[in-house]
Amino acid sequence: MRTGVITGAGRLLQFLLKRTAHSAVRTTAEFNPERILVLKPCCLGDVLLSTPLLAALRHAFPMTQITYAVGEWSRPMVETSKHVDVIMTLPDSWTPGSFLAVAATMRCRRFDAVFVPGRSPILGVLSLLARIPVRVGLDSRGRGFAYTYPVPVPETVIHEADLYLLLARAVNLTPCERRLWFFPTESDRREAASFVDRLPGDEPLVMIHPGGGSNPGMILERKRWLPERWAVVADELSRTRGTRILLVGSAGEQEVVERVRQAMVEPAIVAARQWRWGLLAALIERTALFLGHDTGMSLLADAVGTPHVVVFGPSDPQTYGPYGKAGRFVWRPTPASPCFYGGSAPTACPCGGQCMRNVEARDVLKLVDELLGPAEVQ
């Protein structure tokens, strides 16, 4: 019902606005903006998935000023990016007053073009009120009424990063290398090196993040695999590969991290605290292997090129899975899978968590062997 209302309203607004679609851009000489805005308020993983679009824009327009408008929560994913010149911080939730104030600020900055890698019609209206002449955004079920270049969302399954890249293709820009991008600072790297140097032992590090699934407005802890199975994987890697196991999490994930540690037979290093994302990325960069769930931290591993295996359950790895060459995923769906679409999911898990229970420790270990080669006999 709600989707039908949004679609109908979108089509009506398209008619009332009498929008005339731009003719196809054939060369970048026909589209050479001085100021570009990328508008993506949330969330951590989704912002990282927009970085191939950013890379394509920077490659096509090396002298153009690129501004990224993002919420405070997700800002760390792009604030050190070499593809961005200016960060504009958006509120994590909108009020009529804040919405109009942001539109006025954008209008004053006189952007020539805006790219909106998101499905919300609110962002299209925002770019329209900001009077940005070239507006390129996703058109999902009539919600792209405010764009001069509405990009249809395919009916077939497509990776979210590739979906966002369709915005570049709409103005005839060529995507760059197939990868995500994150840029730890040298300060982050020095701090990560110091952290690793203080850890006991000198064996290769395997980082496991057994938490995740939290963003502003959504808590989806059913993305998490069973702690006791993470413990089996960790023990096997410790015994067969002689690795040190580093269990990481946020300050709010201490309980789930501790459950993994207590279920383990082999020793593990626990680091559940309030991390900075730049430091985490630099730390992941120094590890031999990262293991986790469909979370922003797994995408960070993807973005810095660390070998990683991701356990999926409610979400579809064809949409949100590893994007670069260094990642693998395991998914054992049920007939109800996936139950996470476009950033939303039903309150109750349709399969009762069976999609996560279907994944065995051996499934993860098999993918580790694919990435790192068979373990040598210790």
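Angles between elements run from 0 to 180 degrees between N-to-C directions, with axes fitted as lines to C-alpha atoms and, for helices, over the stretch in contact. All views show a predicted model.

**View 1. Helix α6 lies across three strands of the sheet.** Helix α6 covers residues 160–170. The strands it lies across are β4 (113–116), β5 (134–139) and β6. Relative to β5, α6 runs at about 145°.

**View 2. Six parallel strands make up an open sheet.** Their order is β3-β2-β1-β4-β5-β6. The edges are β3 (86–90) and β6 (149–152), and each of these pairs on one side only. From one strand to the next, the twist averages 20°.

**View 3. Strands β2 and β3 run parallel, and helix α4 lies across both.** Strand β2 spans residues 65–71. Five bridges join β2 to β3. G71 has L90 of β3 as its bridge partner. Helix α4, residues 96–109, lies across β1 (35–39) as well as β2 and β3. Its direction is about 160° to that of β3.

**View 4. Helix α3 is largely enclosed by the rest of the structure.** The helix covers residues 51–60. Eight of its 10 residues are buried, so the surroundings largely enclose it. The buried residues are T51, P52, L53, L54, A55, A56, L57 and R58. They pack against two helices, α2 (44–49) and α6. They also pack against strands β1, β2 and β4.

**View 5. A cis peptide bond joins C42 to C43.** Omega is near 0° here. C43 sits in the loop between β1 and α2. Most peptide bonds are trans.

**View 6. R110 and N172 have positive phi values.** Most residues other than glycine have a negative phi. Phi of R110 is near 50°. R110 belongs to the loop between α4 and β4. Its relative accessibility is 62%, so R110 counts as exposed, the cut-off being over 50%. Phi of N172 is near 65°. N172 is in the loop between α6 and α7 (186–197). With a relative accessible area of 37%, N172 is partly exposed.

**View 7. The second largest pocket holds about 160 Å³ of space.** Its lining includes E177, R178, R179 and L180. D302, A303, V304 and G305 also line this pocket. G324, K325 and A326 complete the lining. By class, five lining residues are charged, four are nonpolar and two are polar.

**View 8. The largest cavity has a volume of about 50 Å³.** The count of cavities of 30 Å³ or more comes to two. Among the residues lining the largest cavity are H293, D294, T295, S298, L299 and D302. H308, V310, F312, Y320, G321 and P322 line it too. Helix α11 (296–304) and strand β13 (308–312) are the elements that give two or more residues to this lining. The lining divides into five nonpolar, five polar and two charged residues.

**View 9. The second largest cavity has a volume of about 30 Å³.** T51, which is one of the buried residues of α3, also lines this cavity. The other lining residues are M77, V78, T80, S81, W181, F182 and F183. Five residues of the lining are nonpolar and three are polar. No charged residue lines the second largest cavity.

Conventions:
Residues numbered from 1 in each chain as written. Predicted model: local features only at pLDDT ≥ 70, side-chain atom pairs only at ≥ 80, totals over all residues. Heavy atoms only, no water. Pairing = 2+ DSSP bridges. Helix = DSSP H or I, 4+ residues; strand = E, 2+ residues; numbered from the N terminus. Contact = heavy atoms within 4.5 Å. Buried < 20%, exposed > 50% of the residue type's maximum accessible area, 1.4 Å probe, protein only. 1 Å grid on protein atoms, 1.4 Å probe; cavity = no way out; pocket = protein on both sides within 12 Å on 5 of 7 lines; lining within 4 Å. Points joined across faces, edges and corners; volume = space filled by probe spheres on them. Nonpolar A, V, L, I, M, F, W, Y, C, P; charged D, E, K, R; others polar.
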